[in-house]
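Colleague: I am new to this structure and would like a close look at a single part of it, followed outward to whatever it connects to. Please take it step by step and explain the terms as you use them.

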Amino acid sequence: MLSDRHRREAAEILYAAERRRAPVRPLTERYEGIDARDAYEIQLLGIRRRRAEGAVVTGHKVGLSSPVMQAMMGVDEPDYGHLLDGMELREDTPVPVAAYCAPRIEVEIGFVLGADLPGEGCTEADVLAATERVVPALELIDSRIADWRISLADTIADNASSAGYVVGEGRDPRELDLKAVEVSLHEHGRAPGATAPGAPGDPGDRGRILATGRGDAVLGDPATAVAWLARTIARFGVPLRKGHLVLPGSCTRAVDVAAGRTYTADFTGLGPVSLTFS
């Protein structure tokens, strides 16, 4: 395990990397013996600093909860991070790619809590009972570690690579079989010679399917990921509160984003949600 001094130093390195949009080499190369406990403590140091600067925690996310994402990132277990109010994005406002280090998007079934969740012992039934609605969501992830060359400890310390999120309209989770929700991610962008991004159906549209998946790609059931999160963060004294958004993990692989492109995720039973990048 790391000393408190090294944990504080690592948190400062990640904070500066995000502010300067200048990725750094992996913490696992800097600090011999860094483990998941160290990494979560580093993450919490960063979140405390952001809250002291006025940020508000609006929810949490589970990362690396599907086999495809674990294989993509070279890890073998999930992690979690915090969502902050400054991360909230809008479908009608383009997101500047240059504001991030190496942005990607993930397709998720979000949970908006209508009641607090228990911590230790939380079950899928508890999650469904406490959820006000499930929503179609896109999560913007970004790594302050250069070239996404991360281990589990690197991404945990880096707030599970959190960067932004957008959600659409939702519905009662009991009206859906969340495991069977099918999703597809489409990209639309500039056609050759076009001066503006094409939208679906426009003559300049260059839409294509980038990825597909299902709800059961997320630990077999997205509600299972939320229950895992509630139990896991309880060990660090972090609760899942009424009104929080929980992103349980991606149903598909993560996709690199580019300026001038619009990305739309379609969910059976939930509808679409989009982000445009500039």
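Where is Arg104 placed?

Modeller: Arg104 is in strand β3, which covers residues 104–113. The model is predicted, so local features need pLDDT of at least 70 and side-chain atom pairs count only at pLDDT 80 or more, while totals for chains, interfaces and linings use all residues. Residues are numbered from 1 along each chain as its sequence is written, and side-chain values use heavy atoms, with hydrogens and water left out. Strands (E, at least two residues) and helices (H or I, at least four) are DSSP runs, numbered from the N terminus.

Arg104 has a relative accessibility of 13% and therefore counts as buried. Buried means under 20% relative accessible area, exposed over 50% and partly exposed in between, with a 1.4 Å probe and protein chains only. The Arg104 side chain makes a polar contact with the side chain of Asp256, at 2.7 Å. A polar contact is a pair of N or O atoms within 3.5 Å; within protein, one must be able to donate a hydrogen and the other to accept it, and residues adjacent in sequence count only if both atoms are side-chain atoms.

From β3 the path leads sideways to β4. These two strands run antiparallel and are joined by ten bridges; strands pair if DSSP finds at least two bridges between them. Leu113 of β3, for example, stands opposite Thr131 in β4. Nine of the eleven residues of β4 are buried, so β4 is largely enclosed by the rest of the structure.

Strand β4, residues 131–141, is in turn joined to β5 by five bridges, and this pair also runs antiparallel. Two of the facing positions can be named: Ala137 is opposite Val167, and Ile141 has Ser162 as its bridge partner. Strand β5 spans residues 162–167, and five of its six residues are buried, so it too is largely enclosed by the rest of the structure.

Between these two strands in sequence comes helix α6, with a loop on either side. The loop between β4 and α6 contains Asp147, which has a positive phi of about 60° although it is not a glycine. With 71% relative accessibility, Asp147 counts as exposed. The loop between α6 and β5 holds Ser161, where phi is again positive, near 60°, in a residue other than glycine. Ser161 is buried, with a relative accessible area of 3%.

Helix α6 also leads to two other helices. It is among the elements that cover the buried residues of α1, and the buried residues of α3 pack against α6 as well as α1, β1 and β2. Helix α1, residues 4–20, reaches 24 Å between its first and last C-alpha, close to the 24 Å expected; the expected span is 1.5 Å times one less than the number of residues. The buried residues of α1 include Tyr15. The charged end of Arg49 sits over the ring of Tyr15, 3.6 Å from its centre; this requires NZ of Lys or CZ of Arg within 6 Å of the ring centre and within 35 degrees of the ring normal.

Back towards β3, the loop between β2 and β3 contains Val97. Val97 counts as buried at 19% relative accessibility. Its C-alpha is 6.1 Å from that of Ala259, although the two are 162 residues apart in sequence. Leaving aside neighbours within four places in sequence, Val97 is in contact (heavy atoms within 4.5 Å) with Pro103, Ala258, Ala259, Phe277 and Ser278.

Phe277 belongs to one of the four aromatic pairs in the structure. Its partner is Tyr263, in an edge-to-face arrangement with 5.7 Å between centres and 75° between the planes. Tyr263 lies in strand β10 and Phe277 in the segment after β11, so the pair ties together parts that are 14 residues apart in sequence. Rings of Phe, Tyr and Trp (its six-membered ring) pair if their centres lie within 6.5 Å; planes under 30 degrees apart count as stacked, over 60 as edge-to-face and the rest as tilted. Both Tyr263 and Phe277 are buried.
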